[in-house]
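Biologist: I have a protein open here and would like to go through it with you, a bit at a time. Could you start with one residue and work outwards from there?

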Amino acid sequence: MWHLAEAAGQPNPDRLQGFLAKAAWDADDLRDRVRDYAVAALADQDAVLIADETGDLKKGAKSAGVQRQYTGTAGRVENAQVSVHLSCGSSRGRTLIDRELYLGKGWAGTTVEHQARCAEQGVPPERAAQVATKPELARRMLEGAQVPHSCRW
């Protein structure tokens, strides 16, 4: 946040951190707006979309999606949260344009326990009913990318 604060002419990151901590916004709407802007700015004949997964090691089991699973971050099965990301890149630059949290067997289900656990973490019931594979998550993001026809996606 220090770099952003300096670029915005602020003496420290306090105001930006306060804004991010207290502001309410629709994450999906913001993602769509940033994605549309980024894809338009990076559109070129050499543009590509890149789907990749990453994992964050976690302690405990409260965070959405956390379970014992393989993550390339550790190179083995660990307690982790795994997500799939979609990036856009061209000779003009590159950026992240979408993300989806992977919810494995420990989080997917229709039992009362599954529903309560997911509701506590803000996971929509339609996302938690069954496991969506990582390739399926990538496919959904690719379909939603709405890229210009001038690009060779």
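Modeller: Let us begin with His-85, which counts as partly exposed because its relative accessibility is 22%, while the cut-off for buried is under 20%. Please keep in mind throughout that this is a predicted model.

Biologist: Okay, and where is His-85 placed?

Modeller: His-85 is found in strand S3, the strand that covers residues 76-90.

Biologist: Which residues does His-85 touch, leaving aside those up to four places away in sequence?

Modeller: With those left out, His-85 touches Ile-50, Ala-51, Asp-52, Thr-54, Leu-96, Asp-98, Arg-99 and Met-141. Asp-52 is a good one to look at in the viewer, since it is 33 residues away from His-85 along the chain, and yet the C-alpha atoms of the two are separated by 5.4 Å.

Biologist: Let's zoom out, then. How many helices and strands does the protein have?

Modeller: There are six helices and four strands in the protein, and if you follow the chain from the N terminus, the order of the elements is α-α-α-β-β-β-β-α-α-α.

Biologist: And what share of contacts joins residues at least 24 apart?

Modeller: If we take the contacts between residues at least 6 apart in sequence, 58% of them join residues that are at least 24 apart. The pair of His-85 and Asp-52, at 33 residues apart along the chain, gives you a concrete picture of two such separated positions.

Biologist: What about overall dimensions, and how much of the protein is buried?

Modeller: Taken along the principal axes, the C-alpha atoms fill a box of roughly 45 × 45 × 30 Å. The protein has 153 residues, and 31% of them count as buried. As for the outside, the protein exposes about 9,900 Å², and carbon and sulfur atoms supply 53% of that area.

Biologist: Speaking of the outside, which residues form the nonpolar patch on the surface?

Modeller: The patch is formed by Met-1, Leu-4, Phe-19, Leu-20, Trp-25, Leu-30 and Val-34, which together have about 670 Å² of accessible area. Helix H2, residues 14-22, and helix H3, residues 27-42, each supply at least two residues of this patch.

Biologist: Trp-25 caught my eye. Where does Trp-25 sit, and is it buried or exposed?

Modeller: Trp-25 is placed in the loop between H2 and H3. Its relative accessible area is 44%, so Trp-25 counts as partly exposed.

Biologist: How many aromatic pairs does the structure hold?

Modeller: The structure holds one aromatic pair. That pair is made by Phe-19 and Trp-25, with 5.9 Å from centre to centre and 45 degrees between the planes, and it is classed as tilted. Both of these residues belong to the nonpolar patch we just discussed.

Biologist: Which charged residues lie over the face of a ring?

Modeller: Arg-117 lies over the face of Trp-107, at 3.8 Å from the ring centre, and Lys-134 lies over the face of Tyr-102, at 4.9 Å from the ring centre.

Biologist: New topic: how many salt bridges are there?

Modeller: The structure holds 16 salt bridges. One of them joins Arg-31 to Asp-28, with 3.4 Å between the closest N and O atoms. Arg-31 and Asp-28 are three residues apart in helix H3, which means that about one helical turn separates them.

Biologist: Are those two buried or exposed?

Modeller: They fall into two classes, for Arg-31 is buried with a relative accessible area of 18%, whereas Asp-28 is partly exposed at 38%. Both also take part in a network of salt bridges that links Asp-28, Arg-31, Asp-32, Arg-35, Asp-98 and Arg-99. You have met Asp-98 and Arg-99 already, among the residues that His-85 touches.

Biologist: What other salt bridge could I look up in H3?

Modeller: Try Asp-29 and Arg-33, whose closest N and O atoms are 3.1 Å apart. Both lie in helix H3, four residues apart, which is about one turn of the helix. Asp-29 is partly exposed, at 36% relative accessible area, and Arg-33 is exposed, at 58%.

Biologist: And what does Arg-76 form a salt bridge with?

Modeller: Its partner is Glu-78, and the closest N and O atoms of Arg-76 and Glu-78 are 2.6 Å apart. Arg-76 is partly exposed with a relative accessible area of 45%, and Glu-78 is partly exposed as well, at 22%.

Definitions and conventions. Residues numbered from 1 in each chain as written. Predicted model: local features only at pLDDT ≥ 70, side-chain atom pairs only at ≥ 80, totals over all residues. Heavy atoms only, no water. Patch = residues over 30% accessible without salt bridge, like charges linked within 9 Å, V, L, I, M, F, W, Y side chains within 5 Å. Areas by Shrake-Rupley, 256 points an atom, 1.4 Å probe, with all protein chains shown as cover. Salt bridge = Lys/Arg side-chain N within 4 Å of Asp/Glu carboxyl O. Phe/Tyr/Trp six-rings, centres within 6.5 Å; stacked < 30°, edge-to-face > 60°. Buried < 20%, exposed > 50% of the residue type's maximum accessible area, 1.4 Å probe, protein only. Lys NZ or Arg CZ within 6 Å of the ring centre and 35° of its normal. Contact = heavy atoms within 4.5 Å.
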